[in-house]
Amino acid sequence: ALHDEGELQGRHIKTFALLTLTIVSTIWTMIWLRNVLVPFVLSLFLMLLLEPLLHIFLNPPRLCFRCSRRARSMAKQLERDRITNLSINSNGQKVEVSSCFRKTIWKLWSGISVVACILVVGIMLVGCL
């Protein structure tokens, strides 16, 4: 039993030492990389903040999803179209011209939505100044 207590105490000491080294090295790395980490964390924050806005721009009837059945059915249809047209066709199947046109329109609409989100961020920043 005495041998087991000594082994257990040795394991606790090793664990504490490794934990201390990990914490110190993590803090040192974060201080050393703060010029990179601050913009990275801010960009993640803005992305999570603006993601719902982007989804509303991509599917405007979703805003009234709970209000009416018509808005609900339109939102579901738009979501199906978006998923279908913005997904990558990896089957190697021939794409129809109308399908190609719809995909192009959806990609254009996605780009416009991203630009609208960027404009919203710009307006928010100008409003804060």
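This passage walks through the fold, surface, cysteines and aromatic side chains of the chain. The model is predicted, so local features are reported at pLDDT of at least 70 and side-chain atom pairs at pLDDT 80 or more, while totals for chains, interfaces and linings use all residues. Residues are numbered from 1 along each chain as its sequence is written, and side-chain values rest on heavy atoms, with hydrogens and water left out.

As for the overall fold, the chain has four helices and zero strands, and its elements read α-α-α-α from the N terminus on. Helices (H or I, at least four residues) and strands (E, at least two) are taken as DSSP runs and numbered from the N terminus. Contacts (heavy atoms within 4.5 Å) were counted too: of those with a separation of 6 or more, 45% link residues 24 or more positions apart.

Turning to the surface, 12% of the 129 residues count as buried. Here buried means under 20% relative accessible area, exposed over 50%, and partly exposed in between, with a 1.4 Å probe and protein chains only. The accessible surface of the chain adds up to about 11100 Å², and carbon and sulfur atoms hold 71% of that. Areas come from the Shrake-Rupley method with a 1.4 Å probe; for residues, only the protein chains shown count as cover.

There is also a nonpolar patch on the surface, made up of Phe40, Val41, Leu44, Met47 and Leu48, with about 490 Å² of accessible area together. Patches take residues with over 30% relative accessible area and no salt bridge, joining like charges within 9 Å and nonpolar side chains (Val, Leu, Ile, Met, Phe, Trp, Tyr) within 5 Å. A salt bridge, in turn, puts a side-chain nitrogen of Lys or Arg within 4 Å of a carboxyl oxygen of Asp or Glu. One patch member, Leu48, sits in helix H2 (residues 34-58) and is exposed at 56% relative accessible area.

On to the cysteines: the structure holds zero disulfides, a disulfide being a pair of cysteine sulfur atoms within 2.5 Å. Cys117 is buried, with a relative accessible area of 6%, whereas Cys128 is exposed at 67%.

Finally, the aromatics. Rings of Phe, Tyr and Trp (its six-membered ring) pair if their centres lie within 6.5 Å; planes under 30 degrees apart are stacked, over 60 edge-to-face, and the rest tilted. One aromatic pair turns up by this rule. Trp28 and Trp32 form it as a stacked pair, 5.8 Å centre to centre with 5° between the planes. The two tryptophans are four residues apart in helix H1 (residues 2-32), so about one helical turn separates them. Trp28 counts as exposed at 55% relative accessibility, and Trp32 counts as exposed at 61%.
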